[in-house]
Amino acid sequence: MSFLSGLTSKAPKAFTGLGVGKTGLIQCVRWRKPRWLPKAPSKIFKVRKPTPIDPEEDAMLKKHFHHYRTVVRAIRSFLLKEDIAKMSKEAITVEEKQQLAQQEWEWVIAENYKWNKTIAVVREARQRIEEAQRKDLQERIVKRDEEERLKVLIEAEQEVLREKEAAATFITPENLDIEIEKVLNTRTDYEFAITENGFRVETETELEKVSQNSKN
Amino acid sequence: MPFMKGRAPVRRTLEYLNKGKLVFRESVKVMTINFNTNQEASRGAHEFIFWHLPQIQFKNPNVQILSFRNMTPSPFIQLFFGDGKRLLVDVDSRSRYDILSHIRKIAGKPDDVLQAEELTQQEKLNPGNFGSKCNRWCICEVPGQIPCPSIAPLPKQMRGKYIFKKRPIED
């Protein structure tokens, strides 16, 4: 009894009733007598009754089964052969594969060439315009540099002329005494007015005009 | 809100990536795109990279894709194949749609091939299928289903031999 109780406690539970649980679902994890357990005493000497076989019915059924299975086997083998033949027909050889790949590649190249050609028209037109613009810009830059260079030259020449003219008024050791006399003998009058813009007013009537304007 | 950072973060979503239509043929190994910033003629190529590169790389993880900027006077795409062949595609002054459709035509798998591949993939992925080409041989492998009768015998009521056996009618 303890042996059995030990079994029941460890092993999964048996079906209850008709094998339908409370929820109505069939529970499938069930008890099965393990192979290492000995046969139950009530079953040791049990001999099963051989299944009753009606000889005529049995012979008839066997014949029917033979016919049926032969036919099914024949159909299956026929279909299989057909399938294999179909596959071998459709099978592409290595050379054919290479040829197909080559054809595909040629098509790809042709399509791409067409595409590139249409784009090349647009691209070359754009590049021509850009090239013309670039050249034009370059020329303008060169011209501008040339003009600036000339300007600088002219400016320098004028500067030189001015200096040459001014050189006549330079005070040298020979002129020194004369120039000193000159400066000492001249007098400058600093009593003059200037307008808003900094220009010197010459006569008294001008001065009146300026004062009148400022009042207005 | 800093969740989807960057410009057009929709490009990083799975939905967008899965919608990519360009799947290269097995022979295509490398794709190189040369374009220029600040050039109107390169705008199509630039946009192509911006919008379609993530999709292409997602669908072709084994293809190396490179982009070079401001190295050549005009934009172009180069495709390098496994047998050493090279293909140059001029993309000057073309929109990204044109570029994509042309590349698909010359180097992408055709639609029918893609459909067939998708079907086979679905058959494999479909969890309702069992057998040699699928993830599982039998439904008994799934936890929660009836265990394999070779391990735990089915209850009486589910066995054919019981169902079809002639039993005396119980009163």
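Helices (H or I, at least four residues) and strands (E, at least two) are taken here as DSSP runs, numbered from the N terminus. With that in hand, K109(B) is easy to place: look in the loop between α3 and α4 (111-125) of chain B. Keep in mind throughout that this is a predicted model.

**A lysine in a loop**

Is K109(B) buried or exposed? Its relative accessibility is 14%, and because buried means under 20%, K109(B) counts as buried. Setting aside neighbours within four places in sequence, K109(B) is in contact with V23(B), F24(B), R25(B), E26(B), L114(B) and E117(B). With E117(B) there is also a polar contact between the side chains, at 3.2 Å.

**Two chains, two layouts**

Chain B has five helices and four strands, arranged along the sequence as α-β-α-β-β-β-α-α-α. Of its 171 residues, 34% count as buried. If you take the contacts in chain B with a separation of 6 or more, 65% come from residues 24 or more positions apart.

Chain A has five helices and two strands, and its elements run α-α-α-α-β-β-α from the N terminus on. Buried residues make up 8% of the 216 residues in chain A. For contacts in chain A between residues at least 6 apart in sequence, 8% join residues at least 24 apart.

**The core**

The largest nonpolar core has 28 residues, and F24(B), M31(B), F48(B), I77(B) and L79(B) are the ones that touch the most other members. Which elements each supply at least two residues of this core? From chain A there is α3 (94-167), and from chain B there are β1 (28-35), α2 (43-59), β3 (76-81), β4 (86-90) and α3 (96-107). I77(B) makes a good starting point for a look around: beyond four places in sequence, its contacts include M31(B), I33(B), F48(B), L87(B), V89(B), I99(B) and I103(B).

**Where the chains meet**

At the interface, 27 residues of chain B are in contact with 21 residues of chain A. About 2100 Å² is buried between chain B and chain A, with carbon and sulfur atoms giving 60% of that area. There are also eight residue pairs in polar contact between the two chains (both at pLDDT 80 or more). On the side of chain B that touches chain A, β4 and α3 of chain B each supply at least two residues. The residues on that side divide into 14 nonpolar, five polar and eight charged.

Four salt bridges run between chain B and chain A. E104(A) forms a salt bridge with R25(B), and R25(B) is one of the contacts of K109(B). E111(A), K114(A) and K105(B) are linked in a network of salt bridges.

**Salt bridges up close**

Over all chains the count comes to 21 salt bridges. Here are some of them, with the distance between the closest N and O atoms.

| Salt bridge | Closest N and O atoms |
|---|---|
| E104(A) and R25(B) | 3.5 Å |
| R140(A) and D136(A) | 3.4 Å |
| R144(A) and D145(A) | 3.9 Å |
| E155(A) and R162(A) | 3.7 Å |

R140(A) and D136(A) both sit in helix α3 of chain A, four residues apart, which is about one turn of the helix. D136(A) counts as partly exposed because its relative accessibility is 37%. R144(A) is partly exposed at 46% relative accessibility, and its partner D145(A) is partly exposed with a relative accessible area of 41%. E155(A) is partly exposed, with a relative accessible area of 43%, and R162(A) is partly exposed with a relative accessible area of 43%.

Key
Residues numbered from 1 in each chain as written. Chains lettered and ligands numbered in written order. Predicted model: local features only at pLDDT ≥ 70, side-chain atom pairs only at ≥ 80, totals over all residues. Heavy atoms only, no water. Core = buried A, V, L, I, M, F, W, Y, C linked by side-chain atoms within 4.5 Å. Buried < 20%, exposed > 50% of the residue type's maximum accessible area, 1.4 Å probe, protein only. Contact = heavy atoms within 4.5 Å. Buried area = accessible area lost by both parts, 1.4 Å probe. Salt bridge = Lys/Arg side-chain N within 4 Å of Asp/Glu carboxyl O. Polar contact = N/O pair within 3.5 Å; in protein donor to acceptor, adjacent residues only side chain to side chain. Nonpolar A, V, L, I, M, F, W, Y, C, P; charged D, E, K, R; others polar.
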